[in-house]
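Biologist: Please take a close look at the ligand site. Start with the contacts, then widen the view to the rest of the chain.

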Amino acid sequence: MTLRQDYFDDPSAWNALVDLLQDTFSIDVSILDQFDGPDPTSMPFGYFDADGRCVANFSAFSMPMIINGRVVKAAGYQSGAVRPEWRKRGLYRDLMQRAFSHTATEGYELDLLLTDKPALYERYGFRILPQHIFVAQTPTLQKSDLSARQLSLEAPDDLRLIRTLLQDRQPASAQFAVVRQMEMFLLNASFNSAIRLTALGDDTVAAWTFDGATFWLLDIVGTTIPSLATIVSALDIQPERIEICFSPDRLDCQVLLEPYDGYTMLMVRGKAAADIVGPLMLSPMAEF
Ligand SMILES: CC(C)(COP(=O)(O)OP(=O)(O)OC[C@H]1O[C@@H](n2cnc3c(N)ncnc32)[C@H](O)[C@@H]1OP(=O)(O)O)[C@@H](O)C(=O)NCCC(=O)NCCS
């Protein structure tokens, strides 16, 4: 068995991780190859067998956050898996410890992860951060002067616009949001065909779903953040219920809170964790 870190430059090792994640979680992260490949900030730690199969992996990546108006140097952890025949031998513990000591040396102020197994990480000082859905009153709709145009990740011009805005965005919230996260946005949009990406004018993209009654606003990627009334008016929909899936402080709207009961839990640790004040939600487009 060979320990490898920072191995994404080697296409066969990247493909071996793709296989591990496909076999473990039934997800195909090779979709990233259609874009610019995996997150360049990613620091994977993995064990490979003699045939080049990736048998265990745990990755850290840079995920700058804005928390209470301050940009925080945060690390996310993802792609944690061990093949069944190699489990319960301490491989995952070893990889976690390597990733955590790597980010500690790099001076990250906050560590974030999403998991359905919180007990696994509590012993490393992570705690669950409760999340909330923000249920908004339906705003008074106005005649919109913003054009709304459906985008496709398969259209090169659309993809270019999305990437540019993801690069230059104002965080969707000043309270709790990612500052910059490209790969997970593109991957999440690719994984779920119900997600619509709509350009509102030239400077904003809304990520949303609508089932005819409920409108879920998943993210707003823009150089400025329009109000909820502006967004709903431009999309030209008349929802009965509006659920905002990120902290809505920049949307100029009234909200009620409902606890979010997701399949995974958001966990945090680190010195900036004390600065986090709820209610909050990590946009589903930033889920990792
Ligand atoms: C969870 C998983 C990665 C553990 O891998 P592993 O190699 O068996 O783990 P290790 O033997 O290194 O054990 C590490 C520690 O985690 C603990 N642990 C293992 N599985 C656990 C679980 N499901 N819940 C809580 N703790 C768990 C072990 O008891 C051990 O504790 P210790 O360090 O105090 O001794 C592996 O079972 C797996 O790939 N599962 C499916 C994918 C998954 O759930 N990944 C995690 C996503 S967040």
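Modeller: Start at Arg123. An N or O atom in the side chain of Arg123 sits 2.5 Å from an oxygen atom of the ligand. Keep in mind that this is a predicted model.

The backbone takes part as well. A polar backbone atom of Lys88 is 2.7 Å from an oxygen atom of the ligand. For Val82, a polar backbone atom lies 2.8 Å from a ligand oxygen. How much of the ligand does the protein bury? The ligand taken alone exposes 900 Å², and the protein buries 72% of that.

Now the shell. There are 17 residues around the ligand. Those that come nearest are Lys88, Arg93, Lys117, Leu120 and Arg123. By class, the shell has seven nonpolar residues, six charged ones and four polar ones. Four elements give two or more residues each to this shell: helix H1 (11-25), strand E6 (74-82), helix H2 (91-105) and helix H3 (119-122).

Helix H1 leads on to a backbone detail. The loop between strand E1 (2-5) and H1 holds Asp6. Phi of Asp6 is positive, near 50°, and Asp6 is a residue other than glycine.

Next, the wider chain. The domain assignment splits the protein chain in two. Domain 1 covers 2-129 + 261-275, and domain 2 covers 134-259. Their centres, taken over C-alpha atoms, are 27 Å apart. Domain 1 puts 24 residues into the contact, and domain 2 puts in 20 residues.

What area goes with that contact? The size of an interface is often given as the accessible area lost when the parts come together. Here domain 1 and domain 2 bury about 1,700 Å² between them. Carbon and sulfur atoms carry 68% of that buried area.

One last backbone feature is worth a look. Pro279 is found in the segment after strand E17 (265-269). The peptide bond that joins Gly278 and Pro279 is cis, with omega at about -5°.

To return to the ligand site: the side chain of Arg123 and the backbones of Lys88 and Val82 are the places to inspect.

Technical notes. Residues numbered from 1 in each chain as written. Predicted model: local features only at pLDDT ≥ 70, side-chain atom pairs only at ≥ 80, totals over all residues. Heavy atoms only, no water. Near = heavy atom within 4 Å. Polar contact = N/O pair within 3.5 Å; in protein donor to acceptor, adjacent residues only side chain to side chain. Areas by Shrake-Rupley, 256 points an atom, 1.4 Å probe, with all protein chains shown as cover. Nonpolar A, V, L, I, M, F, W, Y, C, P; charged D, E, K, R; others polar. Domains from an automatic or database assignment. Contact = heavy atoms within 4.5 Å. Buried area = accessible area lost by both parts, 1.4 Å probe.
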